[in-house]
Amino acid sequence: MGILSSVLDILFPRKCIFCAKILNKTDEGLCDNCIESLPYADNNGRQDGEIFDFCVSPLYYTDNVRSSILRYKFSGASLYAEYYGEFLADCIRESTDIEHDIISWVPLSAKRERKRGYDQAKLLAEQTALLLNESIEPVLIKHRDVKAQSELGDKSERSSNISGAYSVINPEYIKDKRILLIDDVVTTTSTLEECTRTLLSAGAGSVICAALARGE
């Protein structure tokens, strides 16, 4: 087994999930340099929302963080979720005013999930909840496939694109509940606002959001 492991390390060396540098045997997921130099968000990246209460994020969506998340979403790097979850779980723990009854996520459409092979926000939510000793619950379904938000321009265009795309799975289940909604990236907040609007309209008590990375 030791020989096989050494051969695999040579053929498929483990790389840092952010800068793609080959890791030392003692490194787990990311290199020491990235641990020190990642664009950590100030004040846990807290943003107050117009509809959701607020959103927290441990990182800014720039440079190696952006490149890493793009690999995670579009190049099959689903295993990154294990390490991303540590960042987000720590951020949530440090945000002591986060109170929730349910942890859930911003879902992909069925068409997009089939094409990608996984739902990146769900994987992130699962890993985050695991580290918080909790579980996740599906509360939303994206019943309409729309153009990717990343391909659109300002907030107005993105809000129009996503309008009416989500519905609540079971309104009775979320009635008066405080929901912690997880996504991978938040930039204009359009998607989180639409999801929150849908949840509140169906009877949810409040929505707080958390994302791995936010716009600067």
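**Helix α4 and the nonpolar cores of the predicted model**

The buried residues of helix α4 are covered by elements that include β2 (54-56), β3 (59-60), α3 (63-74), α6 (120-131), β7 (178-186) and β8 (206-214). In this predicted model, the residues of α4 that count as buried are A81, Y83, Y84, G85, F87, L88, A89, C91 and I92. The helix comprises 14 residues, 81-94, and because a rise of 1.5 Å a residue gives an expected span of 20 Å, the distance of 20 Å between its end C-alpha atoms agrees with that expectation.

The protein chain as a whole contains nine helices and eight strands, and of its 216 residues 49% are buried. Among contacts with a separation of 6 or more, 70% are between residues 24 or more positions apart. The accessible surface of the chain amounts to about 11200 Å², and carbon and sulfur atoms account for 48% of this area.

In soluble globular proteins, nonpolar side chains tend to be buried together. In the present model, the largest nonpolar core has 41 residues, of which F18, L30, L38, L59, I69 and Y84 touch the most other members. Two or more residues are given to this core by each of β2, α3, α4, β4 (102-105), α6, β7 and β8, and the greatest contribution, eight residues, comes from α4. Apart from residues up to four places away in sequence, the contacts of Y84 are with I17, F18, S68, I69, Y72, L124 and L212. A second core, separate from the one just described, has 21 residues, including V139, I162, Y166 and A211.

Strand β4 is covered on both of its faces, with I102 and S104 buried on one side and I103 and W105 buried on the other. This strand pairs with β7 in the parallel sense over four bridges, and within this pairing S104 of β4 has L181 of β7 as its bridge partner.

A further serine, S206, lies in strand β8. Because its relative accessible area is 16%, which is under the 20% limit, S206 counts as buried. When residues up to four places away in sequence are set aside, the residues that S206 touches are D53, K177, R178, I179 and L200.

Key: Residues numbered from 1 in each chain as written. Predicted model: local features only at pLDDT ≥ 70, side-chain atom pairs only at ≥ 80, totals over all residues. Heavy atoms only, no water. Expected span 1.5 Å × (residues − 1). Buried < 20%, exposed > 50% of the residue type's maximum accessible area, 1.4 Å probe, protein only. Contact = heavy atoms within 4.5 Å. Areas by Shrake-Rupley, 256 points an atom, 1.4 Å probe, with all protein chains shown as cover. Core = buried A, V, L, I, M, F, W, Y, C linked by side-chain atoms within 4.5 Å. Pairing = 2+ DSSP bridges.
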